[in-house]
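Work through the exercises below with the sequence and the structure open. Each task is followed by a solution in steps.

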Amino acid sequence: MTAAAPTGLDGDACVDSASRHPAEWPPVTSSELWTRATADRYDAEEAEAFSAAVLGPAVAFLAELAGDGRALEFAIGTGRVGVPLRERGVRVVGIELSEHMAAVLRRKVDEDTLPVVILRRTSRSSASATPHGI
Ligand SMILES: C[S@@+](CC[C@H](N)C(=O)[O-])C[C@H]1O[C@@H](n2cnc3c(N)ncnc32)[C@H](O)[C@@H]1O
């Protein structure tokens with residue numbers, strides 16, 4: 001008899017850490033927390049955060065701050081901030097742990113226009129990244 005793999009609320013595979021001591025928790029990647037299902041519904045669920053009332057002032061402020069320079073957005077997700085900032089002419093590079101969140105961003109803008117480095121966690125203490133000129 002084999003135990004069923006644990007799944008999250010949305011049915012995606014996830015890591016069952018609840019019954020273990022924290023020291024025994026296996027490494028969890030962001031793609032296991034921000035799953036494909038979570039990523040696919042993120043924009044709709046966060047509609048208020050995507051509204052012009054919220055994003056307008058934030059993006060205007062960041063564009064002024066960037067000036068002629070570039071912007072590096074840590075945890076860019078589906079591009080809620082980075083995409084409109086890029087549309088305002090700021091060259092943006094993103095860093096993201098969840099390939100699923102980055103995939104949603106990629107439906108909005110191509111790699112040449114807004115490169116995203118997807119970090120790949122390989123152990124508790126190390127990560128590797130695909131370089132994109134940063
Ligand atoms: C709440 S979402 C926010 C996404 C976006 N910044 C926004 O404002 O809509 C959090 C994001 O941070 C990413 N993230 C969490 N820890 C990270 C890390 N150490 N490096 C890169 N991305 C990370 C997650 O994968 C997820 O996409």
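**Exercise 1. A helix and its buried face**

Which residues of α5 are buried?

Solution. The model is a predicted one. In α5, the buried residues are His100, Met101, Ala102, Val104 and Leu105. Next, look at what they pack against: the partners are α1 (30-33), α2 (36-45), α4, β2 (91-96) and β3 (116-118). Then take one of these residues, Leu105. Leaving aside residues up to four places away in sequence, Leu105 touches Ile76, Thr78, Gly79, Val83 and Val116.

**Exercise 2. The nonpolar core**

Find which members of the largest nonpolar core touch the most other members, and which helices supply the core.

Solution. The largest nonpolar core has 15 residues, and Leu85, Met101, Leu105 and Val116 touch the most other members. At least two residues of this core come from each of α4 (82-87) and α5 (99-106). The most is given by α5, with 4 residues. As background, nonpolar side chains in soluble globular proteins tend to be buried together.

**Exercise 3. Length of a helix**

Check the end-to-end distance of α3 against the span expected at 1.5 Å a residue.

Solution. Helix α3 covers residues 52-66, which is 15 residues. The expected span counts one less than the number of residues, so the helix should span 21 Å. The C-alpha atoms at its ends are 20 Å apart, in agreement with that value. After the helix comes Gly67, with a positive phi near 55°.

**Exercise 4. Three levels of burial**

Assign Gly94, Tyr42 and Gly69 to buried, partly exposed or exposed by counting C-beta neighbours within 10 Å.

Solution. The cut-offs are 20 or more for buried and 12 or fewer for exposed, with partly exposed in between.

- Gly94 is in strand β2. It has 27 other C-beta atoms within 10 Å, so Gly94 is buried. Beyond four places in sequence, Gly94 touches Glu73, Ile76, Gly82, Leu114 and Val116. The C-alpha atoms of Gly94 and Val83 are 9.8 Å apart, with their positions 11 residues apart in sequence.
- Tyr42 belongs to helix α2. Its count is 19 other C-beta atoms within 10 Å, so Tyr42 is partly exposed. The contacts of Tyr42, not counting residues up to four places away, are Gly77, Thr78, Met101 and Val104. From Tyr42 to Gly77 the C-alpha distance is 9.2 Å, across 35 residues of sequence.
- Gly69 sits in the loop between α3 and β1. With 9 C-beta neighbours inside 10 Å, Gly69 counts as exposed. Gly69 and Arg91 are 22 residues apart in sequence, and their C-alpha atoms are 7.5 Å apart.

**Exercise 5. Around the ligand**

Which residues come nearest to the ligand, and how does the shell divide by residue type?

Solution. There are 13 residues around the ligand; Ser30, Ala75, Gly77, Arg80 and Ser98 come nearest. By type, the shell has 8 nonpolar, 3 polar and 2 charged residues.

Now examine Ala75. It lies in the loop between β1 (70-74) and α4. Its count of 13 C-beta neighbours inside 10 Å makes Ala75 partly exposed. The phi of Ala75 is positive, near 60°, although this residue is not glycine. For comparison, most residues other than glycine have a negative phi.

**Exercise 6. The whole chain**

Describe the order of helices and strands, then decide where the model should be read with caution.

Solution. Begin with the count: the protein chain has 5 helices and 5 strands. Along the sequence they follow the pattern α-α-α-β-α-β-α-β-β-β. The chain has 134 residues, of which 23% count as buried. Among contacts with a separation of 6 or more, 47% join residues 24 or more positions apart.

Finally, turn to confidence. Mean pLDDT for the chain is 83, and 74% of the residues reach 70 or more. Over residues 123-128 pLDDT stays under 50, and the model has 8 contacts beyond four places in sequence for this stretch. Where pLDDT is low, predicted coordinates should not be read in detail.

How values were computed: Residues numbered from 1 in each chain as written. Predicted model: local features only at pLDDT ≥ 70, side-chain atom pairs only at ≥ 80, totals over all residues. Near = placed C-beta within 6 Å. Nonpolar A, V, L, I, M, F, W, Y, C, P; charged D, E, K, R; others polar. Core = buried A, V, L, I, M, F, W, Y, C linked by C-beta atoms within 7 Å. Contact = placed C-beta atoms within 7 Å. pLDDT = per-residue confidence, 0-100.
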